[in-house]
There are 2 protein chains.
Amino acid sequence: MMKKIAGGVTFARGFRAADCAAGIKYRNRTDMAMIACDVPCAAAGVFTTNVVKAAPVRWDMDVVRKKGKAQAVVVNAGIANAATGAEGLRLCRETAEAAGRLLGIAPELVLVGSTGVIGPVIPLDRISDGIAQMVPKLSATPEAGTAASRAIMTTDTVNKEFAVEFELPAADGAGNVTVRLGGMSKGSGMIHPNMSTMLGYVTTDCAIAPALLDKALRTVAADTFNMISVDGDTSTNDTLLVLSSGLAGNAEITEENESYLIFRDALESVCRDLAIRMAGDGEGATRLMEMQVIHADTKENARLLARSVVASSLVKAMVYGKDANCGRILCAMGYAGPFFDPDRVDLFLQGKSETLCFCRDGRVLPFDEEKALAIMSEDAIRFLADMKMGDQEATAWGCDLTYDYVKINGDYRS
Amino acid sequence: MMKKIAGGVTFARGFRAADCAAGIKYRNRTDMAMIACDVPCAAAGVFTTNVVKAAPVRWDMDVVRKKGKAQAVVVNAGIANAATGAEGLRLCRETAEAAGRLLGIAPELVLVGSTGVIGPVIPLDRISDGIAQMVPKLSATPEAGTAASRAIMTTDTVNKEFAVEFELPAADGAGNVTVRLGGMSKGSGMIHPNMSTMLGYVTTDCAIAPALLDKALRTVAADTFNMISVDGDTSTNDTLLVLSSGLAGNAEITEENESYLIFRDALESVCRDLAIRMAGDGEGATRLMEMQVIHADTKENARLLARSVVASSLVKAMVYGKDANCGRILCAMGYAGPFFDPDRVDLFLQGKSETLCFCRDGRVLPFDEEKALAIMSEDAIRFLADMKMGDQEATAWGCDLTYDYVKINGDYRS
């Protein structure tokens with residue numbers, strides 16, 4: 001049985017976190033976070049598919065792919081360290097060296113992450129000062145994890161963290177042990193499928209072989225972080241990392257057995273929760289939008305159709321306006337890429353207490369406008385499309401498009 | 001020498017137009033237009049790539065592809081006749097029959113077009129009444145063409161028409177004759193590459209073989225109508241049609257000779273002008289944005305890179321805010337699809353009187369903020385990216401993302 005916990009990156013055994021105000025861009029708030037583990041961890045990551053990759057993404061890809069091991073993460077908000085050339089990469093190395101020195105670990109075990117404005121170079125002294133502030137206050141308390149999740153926010157309005165615990169067979173064969181897994185993420189703008197949207201960090205004490213950790217992460221990311229969209233812009237910095245300390249005492253997972261599936265479910269649960277919170281907290285958003293596609297011919301087509309709808313500016317604007325102009329959903333599926341028979345599609349608007357069918361066999365139906373307005377006024381808007389083609393399904397999450405999105409992004413740098 | 005003319009669909013010999021207020025959706029304004037030619041025309045068209053194609057798109061594809069001939073076009077604004085099933089297709093046929101009867105031509109020579117809300121069915125009696133109003137007042141005057149271009153507007157703020165004339169060798173071999181070509185278009189929302197954005201109608205009196213008319217239209221559409229984006233939504237109704245009456249008296253163009261190239265240039269000139277006006281008149285837009293990509297490796301990659309930038313919500317919001325947050329341009333090229341070396345790209349902001357380089361070899365440079373603000377405050381914003389890979393180039397056009405876009409689309413149906 002998986003149990004949900006009010007926790008984050010410090011929930012799993014071995015992990016500590018810290019935050020500080022390093023003055024990188026913001027005044028009067030924290031803007032750096034650190035996660036460190038007592039032992040070297042198996043590490044896996046998925047990264048932005050953008051051709052223009054920020055320096056920290058290049059650094060992390062190198063660490064994760066070459067070694068599959070890491071022991072600490074240093075993250076800053078405010079400046080993305082993207083489009084900064086060789087100087088940006090040098091800064092990553094110097095950051096890892098500074099953290100490694102104070103933590104007593106090799107720099108190659110230090111992952112780095114940045115989010116914020118593209119272009120400027122982060123002053124090294126601020127980063128070094130920040131690291132020096134954080135190392136002494138690293139703590140395994142839930143509060144330290146929460147503080148870290150706050151420090152990496154940019155235009156986010158709320159911090160995002162989530163944790164679960166579950167049982168796996170003990171290493172010594174004597175019954176079960178409790179395994180912990182928790183994470184934090186940030187992301188509000190420049191969010192779109194095709195990568196691990198913005199920054200996400202997951203820690204666990206589950207003992208699992210690096211190759212299976214990597215496989216579980218890729219599988220899970222495809223249906224969680226990669227199924228949300230705020231604005232269709234795939235960032236230069238997107239990073240989702242998972243570190244496992246192996247300190248839970250479970251029998252190490254070395255094959256795709258039942259334990260692997262339990263672990264993967266737990267990872268999916270945390271990633272889905274973090275992803276949905278990012279979608280709902282999209283820049284300027286007032287409401288979460290969910291688009292479920294059922295009976296598609298292939299899994300990938302189900303994903304493409306669902307993502308196209310949550311990414312559509314017209315659908316997003318209509319959710320903001322509570323206007324059930326449902327032809328736009330059909331239209332957005334139509335340009336998603338996959339072929340389907342438009343004359344077979346059924347579309348539904350799913351409220352908390354009732355469901356409205358507003359399109360049957362590709363034909364938009366007259367519907368009760370008052371009922372539609374009532375459902376469109378709920379906190380989360382849920383659409384469902386029945387493609388009547390096969391047995392595959394997928395769900396995507398997004399948010400509405402509002403005046404505030406325009407405002408935030410018309411003047412982001414100031 | 002090509003000469004620009006203040007004209008539209010009635011400029012070419014043989015074409016007449018009319019408008020009327022049919023009360024399809026709007027009150028107190030015209031909402032139907034008709035173009036008719038004195039003789040049957042060669043006809044070519046490009047249509048939306050959306051899987052969900054509106055009934056009039058299906059009708060027109062059938063007419064153009066089966067016969068390559070047409071003699072009249074009937075267009076309505078207010079309701080798109082999309083997602084209307086068999087009833088929508090029946091309406092197209094009945095529209096063509098009603099127009100054909102009054103014009104004394106076969107229904108298979110009548111093209112139809114619709115733009116507006118997806119879902120509702122247009123009442124046939126309003127369409128029939130509108131046709132009965134328009135046929136008697138068909139006129140070859142410029143005013144009739146302008147009135148037609150006004151009647152097909154939806155959220156457009158200005159009507160769009162443009163014409164040119166040029167010389168081609170006469171059919172009788174005695175020197176040159178003047179050939180005319182003019183067009184009108186509408187489109188403001190649901191506008192995105194991959195089709196002939198929204199509705200565009202071009203008429204010409206040039207004598208040209210149908211196959212070459214089709215080829216010229218496809219070539220031209222790829223660099224004009226398909227290079228604009230307002231909101232990334234590819235409509236269900238996009239249609240670009242060209243009709244040639246052949247009444248100019250030129251020697252019929254039957255091969256890709258110099259006359260063909262002159263004709264194609266004229267067609268491109270009209271289509272480019274109409275496309276740019278659509279981009280600049282995007283829903284809620286305050287300014288036109290132009291993105292030119294030079295020295296790309298292939299033409300298609302140049303197009304993809306340029307379109308990705310004008311379609312980016314973040315770039316669009318930054319143009320609205322006059323904020324030269326130029327890393328977003330690099331980011332939008334990065335997720336466009338084509339591979340390139342981010343460390344070689346130069347980016348420029350081109351003002352009327354000076355050009356600012358804000359990224360050199362993939363590295364964002366410090367720049368004069370005041371100068372940038374001055375350029376970003378001009379009526380049209382022009383960006384240029386030098387990929388340093390080859391000799392291909394492309395230009396895309398878009399507009400800024402504003403509060404008004406959200407407002408218009410949050411409540412479009414009312």
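## Pairing in the sheet of domain 2

Two strands are taken to pair if DSSP finds at least two bridges between them. In this predicted model, strand β10 (residues 288-296) of chain A and strand β14 (residues 380-386) of chain A satisfy that criterion with 7 bridges, and they run in the parallel sense. Within this part of the model, Met291(A) stands opposite Phe383(A), the latter being a residue of β14(A). Helix α7 (residues 299-311) of chain A packs on the sheet, where it touches β10, β14 and β15 of chain A, and its direction makes an angle of about 20 degrees with that of β15(A).

The sheet itself is an open one of 6 strands in chain A, ordered β13-β12-β11-β14-β10-β15, with mixed pairing. Its edges are formed by β13 (363-364) and β15 (392-399) of chain A, each of which pairs on one side only.

## The sheet of chain B

In chain B, an open sheet of 6 strands likewise has the order β13-β12-β11-β14-β10-β15, and its pairing is mixed. The edge strands there are β13 (363-364) and β15 (392-399) of chain B, each pairing on one side only. Strand β11 (residues 346-350) of chain B and strand β14 (residues 380-386) of chain B run antiparallel and are joined by 5 bridges, and Asp346(B) stands opposite Asp386(B) of β14(B).

## Overall form of chain A

Chain A is divided into domain 1, covering 3-280, and domain 2, covering 288-410, and the centres of these two domains, taken over C-alpha atoms, are separated by 32 Å. The secondary structure of the chain comes to 11 helices and 15 strands. The radius of gyration of chain A is 22 Å, close to the 22 Å given by the globule rule for 414 residues, so the chain is as compact as a globular protein of that length.

Taken along the principal axes, the C-alpha atoms of chain A fill a box of roughly 70 × 55 × 35 Å. Of the 414 residues of the chain, 63% count as buried, and among the contacts in chain A with a separation of 6 or more, 80% are between residues 24 or more positions apart.

## Helix α4 and the nonpolar core

Helix α4 (residues 142-151) of chain A is mostly covered, with 8 of its 10 residues buried; these include Ala144(A), Gly145(A), Ala148(A) and Arg150(A). The covering of the buried residues of α4(A) includes the strands β2 (15-20), β3 (32-47), β4 (69-79), β6 (160-169) and β7 (176-186) of chain A.

The largest nonpolar core has 302 residues, of which Ala72(A), Ala148(A), Ala72(B) and Ala148(B) touch the most other members. Leaving aside neighbours within four places in sequence, Ala148(B) is in contact with Val9(B), Ala17(B), Ala18(B), Asp19(B), Ala33(B), Ile35(B) and Met184(B).

## The enclosed strand β9 of chain B

All 6 of the 6 residues of strand β9 (residues 239-244) of chain B are buried, so the strand is largely enclosed by the rest of the structure. Thr239(B), Leu241(B) and Leu243(B) point one way from β9(B), whereas Leu240(B), Val242(B) and Ser244(B) point the other way, and all are buried.

Strand β3 (residues 32-47) of chain B pairs with β9(B) in the antiparallel sense over 6 bridges, with Ala42(B) standing opposite Ser244(B) of β9(B). Strand β8 (residues 199-204) of chain B runs parallel to β9(B) and is joined to it by 6 bridges; here Val202(B) stands opposite Val242(B) of β9(B).

## Individual residues of chain B

Most residues other than glycine have a negative phi. Ala83(B), although not a glycine, has a positive phi of about 60 degrees, and this residue is found in the loop between β4 (69-79) and α2 (85-103) of chain B. Because Ala83(B) has 31 C-beta neighbours inside 10 Å, it counts as buried. His295(B), also not a glycine, has a positive phi of about 55 degrees and is placed in strand β10 (residues 288-296) of chain B; with 17 other C-beta atoms within 10 Å, His295(B) is partly exposed.

Asn159(B) lies in the loop between α4 (142-151) and β6 (160-169) of chain B and is buried, with 20 other C-beta atoms within 10 Å, the cut-off for burial being 20 or more. Leaving aside its neighbours within four places in sequence, Asn159(B) is in contact with Thr146(B), Ser149(B), Arg150(B) and Met153(B). Asn159(B) and Gly280(B) are 121 residues apart in sequence, and 12 Å apart in space from C-alpha to C-alpha.

Definitions and conventions
Residues numbered from 1 in each chain as written. Chains lettered and ligands numbered in written order. Predicted model: local features only at pLDDT ≥ 70, side-chain atom pairs only at ≥ 80, totals over all residues. Domains from an automatic or database assignment. Buried ≥ 20, exposed ≤ 12 C-beta atoms within 10 Å, placed from the backbone. Helix = DSSP H or I, 4+ residues; strand = E, 2+ residues; numbered from the N terminus. Contact = placed C-beta atoms within 7 Å. Core = buried A, V, L, I, M, F, W, Y, C linked by C-beta atoms within 7 Å. Rg over C-alpha atoms; globule rule 2.2 N^0.38 Å. Axes fitted to C-alpha atoms, helices over the stretch in contact; angles between N-to-C directions.
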